[in-house]
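Here's a quick tour, meant to be read with the viewer open. Have a look around first, then come back to the notes.

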There are 2 protein chains.
Amino acid sequence: MKASQFFISTLKEAPADAEVVSHQLMMRAGMIKKLGAGIYNYMPMGLRVIRKVEAIVREEMNRAGAVEMSMPVIQPAELWQETGRFEKMGPELLRIKDRHGRDFVVQPTSEEVITDVMRQDIRSYKQLPKNLYQIQTKFRDERRPRFGLMRGREFTMKDAYSFDRDQTAAKASYQIMAQAYRRIFDRFGLSYRAVAADSGAIGGDLSEEFQVIAATGEDAIVYCPDSDYAANMEKAEALAPQGERKAAAQPMTRTATPGKATCGEVAELLAIPLASTVKSLVLATDELDAAGKVAKTQVWLLLLRGDHDMNEVKVGKVEGLAGFRFATLPEIEDHFGCKPGYLGPLNLKKPVRLVTDREVAALADWVCGANEPDFHITGVNWGRDLPEPELVADLRNVLAGDASPDGRGVLAIERGIEVGHVFYLGTKYSQAMNATFLGENGKPQFLEMGCYGIGITRLPAAAIEQNHDERGIIWPDAIAPFTVVLCPISPDRFPDVKAAAEKLHDELLAAGVDVILDDRGERPGAMFADWELIGVPHRVTLGDRGLKEGQIEYQHRRDTAASSVAVGEVFAFLKDKLAA
Amino acid sequence: MKASQFFISTLKEAPADAEVVSHQLMMRAGMIKKLGAGIYNYMPMGLRVIRKVEAIVREEMNRAGAVEMSMPVIQPAELWQETGRFEKMGPELLRIKDRHGRDFVVQPTSEEVITDVMRQDIRSYKQLPKNLYQIQTKFRDERRPRFGLMRGREFTMKDAYSFDRDQTAAKASYQIMAQAYRRIFDRFGLSYRAVAADSGAIGGDLSEEFQVIAATGEDAIVYCPDSDYAANMEKAEALAPQGERKAAAQPMTRTATPGKATCGEVAELLAIPLASTVKSLVLATDELDAAGKVAKTQVWLLLLRGDHDMNEVKVGKVEGLAGFRFATLPEIEDHFGCKPGYLGPLNLKKPVRLVTDREVAALADWVCGANEPDFHITGVNWGRDLPEPELVADLRNVLAGDASPDGRGVLAIERGIEVGHVFYLGTKYSQAMNATFLGENGKPQFLEMGCYGIGITRLPAAAIEQNHDERGIIWPDAIAPFTVVLCPISPDRFPDVKAAAEKLHDELLAAGVDVILDDRGERPGAMFADWELIGVPHRVTLGDRGLKEGQIEYQHRRDTAASSVAVGEVFAFLKDKLAA
């Protein structure tokens, strides 16, 4: 490819609304152009990256036995009504009416459509397993789209769906996909982790996220440097503390803490560790009657150590707390006789259900609110001042340094960007849509499903968050828009430079190297700056003086200086670099 | 590829709503599956064809210097309001409101978006020419979607847009595209014609349609077997008749034609050629005032020979007739004092503007309505019974046998399916959107544009309309879902058959042949029927008896019988067939 025949459009400055580096660099490198909030044109330079991502995904999906198809972007609402998602999903589901007033959605995923396809086609267990995928435009009407392709509204996703005869087979299909994802992410050339994720109501361990490691990532990833344990923050278990609880050493004391409404302030005032304080969070669950109205409300008191954060997914899994909400101020005052800031499990006005984090259950001589403004209670002890906690669970986010759940060292935390997810669905959709097949016993059974996504257009943004410097993007070879750029210096003045560049270009092209020759006639400074911004990993510079000495210059995008290569050896040198 | 690892789903019967053969066969061959009216899943077998079409289009577009990008499916209304298309387009433009109530459209084409991209990027004539294209999902909310992929609502189109500094350069870009289209359609392996099409208000000859020839085609294509003249029916010119008009021979006579309200009936009653009758069509044009209300209406009488059909495009080009409509019954009675069926240019109640087809202007002794119920006038002659016609134009569709406009023989007519269109746009969009660049003279100028479409998902349907028989589809090699199918007979009983099939499969695959091995274990009859329905062009059958004699069988989908090929020669034999 010659640059004059391509479309190169770099910008000195990123637009003001580009908050993260990948968004800034993709805009500046001319990879994307904004059309509306969360809606981007994929410009030629950006589309080349996307196409390479697609090609790798497609190859590995095919290799894993998945078969490509394509489902419509605009889908009739009927199927979405069968599963209830048409009503249940929030405004991020873009709904449309056609000219006849019929309801449609713009697909955010395609579970309904693929289940509809399969319930028509699969008659017998003999036709299973099947795994079908598509690489297709999706839309999610995000309330606040931002970060460029990271959280856009229109995006491209690879979504695959597996169909199996039973759970065992479904889990095997899941594992095949999980392995294929590892190959895919290995091939991208990015540093990533496959982390265990919460699998919702289904339970089990059959949900993994593929996270590209980046300091700017939205997600916290928990891992153990001494083992292969990795999970996302929602999922990572905080083990119960080891050993016996200390014996009570302090008397229970009503202590004035005027104006100190947080654990941090109380710990500071009393000169005690934050880990000796206990925070009280008041939750509520509503029971609905047949008409959907609240028939009964249960108020809960959740106890967490002052230095710990609540993990909403874990809390939602405690029996009785599914679908919980935070209690209202009237509900709190009604039960505690006190405003938040000084709440605690003692001296309640009305009974509440108590749920205690494992770490709080192991505390002795702790501090909590007195249910009285400007007062806390110190030296509180289980079994003495209040009954031993009945409902104890893991309710908190883990911290770096916590013991690894696999018992092999301590946990570390880093940031990641989710770009893939494999998930065992079970019969959630096949039951809702009555998608059955005849089993070996001749009886109809529900299809066992899994779903597997990769954010095709998000991946380039994640790659940039991980790989960039102050000059621009640094692409891994596998997904670079071009692998090699040839930069001739003043080719119009020096015919030997022009000829050498074109010869090398043609040789590399013939050898299947994705090369671009910059024949735009830019000055060297501007030319280098463009390619450093765009992030082509391998650069070859051809100058008249060097050529006269039989030398050209090679510089990897990560190198701080160029190295000389003999003209006769440059082809082999490059092939060697690209194979590395 | 092995069939057991693919997704094959054939049907014995096509659904009742599949009216045309391509729709029936694509459904039966499991290439598409209906999701809603005009909305289809592209199943794995169909997607393979679509991907091959895309690949050919992409290669030739790139070769012609066009650069691929991708524009959003969901586009903000603002740009469409700039050109007025948001308001002007009918309900086939699918309009959406997002969660914030902002207006969007689902793209039917992307002139607005690409013009917006280019007005941001193109500063100087030095950056021109540019040609950008995308292969992307489109939506047109057809009132009555039908014929499967032929007239769907969601479809895939390749749309390219060229940008040039002036008309000369724009016309050169147009010609490059027209040539690329010829290469593309040649490569598809289909019988097609590039036909001149009407270029609307812009004029000139810079509009061509690419029509796949098929007896079932919606469009009439006019061509000259003795030259390279070809045009669509709208465009094809009917030349003025040669030679002098005959002298009047009959007296003008009011003739009773009770109940004979059509030219055909009158000709039969009077025992005269239909070509001696003249039909009267009453049109109207409205002048609007500033408020958009009708200020003035002009009624027109259009005279056509009884055996000719009106060509609306040609009529709309007559000065004063742009935007014409058919007159209402009151308007007709007001001017003619008579109902339709007996209208004519004589004895008018109120004056009308007369516009006469070239053929009518050349008639002598013709017959028209008397403007009196149940009466016609015979023996009418120009210059004697009414003034010589002032406004004479080509108003009719040509007929087979008409003289070719290039003067080299007579016209023939066949049916076609439009699958491509190249069009010179001029500055229609760049003016509406103020898309300018600095010309060589340093002054801002409007970008000169062209647009170029190919119906990617329509093409397979057109290919089938052209290439099928009673057993199913017959794909050209270039766009077949698989090029070769290997059919082993009873491989489970005969290990030599299984081994030979797998060896040949692996050899062909390694040689880059798109081969599928049917290892499903179907009986021969069902297996052959499936592949004949699916339409794979080359079939190799491996049986135990043949193999024992060192023979396998080859049959092209168009062959009526199989031919034997020596096992050792089959690879070379097939390579030879595929190269043909």
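The notes below go from the chain pair to the domains, then to one helix and a few cysteines.

## How the two chains relate

Keep in mind that this is a predicted model. Chain B lands on chain A after a rotation of 180° with 0.0 Å of shift along the axis, and the RMSD of that fit is 0.2 Å. That is how a two-fold axis relates its copies. Both copies use the same surface, too: 100% of the contact residues of chain B recur in chain A.

To find the axis in chain B, look for Ile96(B): among the residues of that chain, Ile96(B) comes closest, with its C-alpha 2.9 Å from the rotation axis.

## Domains of chain A

According to the domain assignment, chain A splits into domain 1 (3-188 + 425-464), domain 2 (253-393) and domain 3 (482-579). Note that domain 1 is listed in two segments. Taken over C-alpha atoms, the centres of domain 1 and domain 2 of chain A are 41 Å apart.

## A closer look at helix 13

Helix 13 of chain A covers residues 495-510, which is 16 residues. At 1.5 Å a residue these should span 22 Å, and the end C-alpha atoms are indeed 22 Å apart, so expectation and model agree. Just after helix 13 of chain A comes Gly512(A), with a positive phi of about 85°.

Which residues of helix 13 of chain A are buried? They are Val497(A), Ala501(A), Leu504(A), His505(A) and Leu508(A). These cover an arc of only 105° around the axis, so they sit on the same side of helix 13 of chain A. Among the elements of chain A that cover them are strand 27 (484-488), strand 29 (538-542), strand 30 (551-556) and helix 16 (570-579). Turn to the face pointing away from that buried side and you'll meet the exposed residues Pro495(A), Lys503(A) and Ala510(A).

## Cysteines without partners

How many disulfides does the structure hold over all chains? Zero. Take Cys263(A), which is in no disulfide: the nearest cysteine sulfur belongs to Cys368(A) and is 9.4 Å away. A disulfide would need the two sulfur atoms within 2.5 Å. Cys263(A) is buried, at a relative accessible area of 17%.

Cys338(A) is in no disulfide either, and the nearest cysteine sulfur is again that of Cys368(A), here 11 Å away. With a relative accessible area of 4%, Cys338(A) counts as buried as well.

How values were computed
Residues numbered from 1 in each chain as written. Chains lettered and ligands numbered in written order. Predicted model: local features only at pLDDT ≥ 70, side-chain atom pairs only at ≥ 80, totals over all residues. Heavy atoms only, no water. Least-squares fit on C-alpha atoms with pLDDT ≥ 70 in both. Contact = heavy atoms within 4.5 Å. Helix = DSSP H or I, 4+ residues; strand = E, 2+ residues; numbered from the N terminus. Expected span 1.5 Å × (residues − 1). Buried < 20%, exposed > 50% of the residue type's maximum accessible area, 1.4 Å probe, protein only. Arc of directions from axis to C-beta. Domains from an automatic or database assignment.
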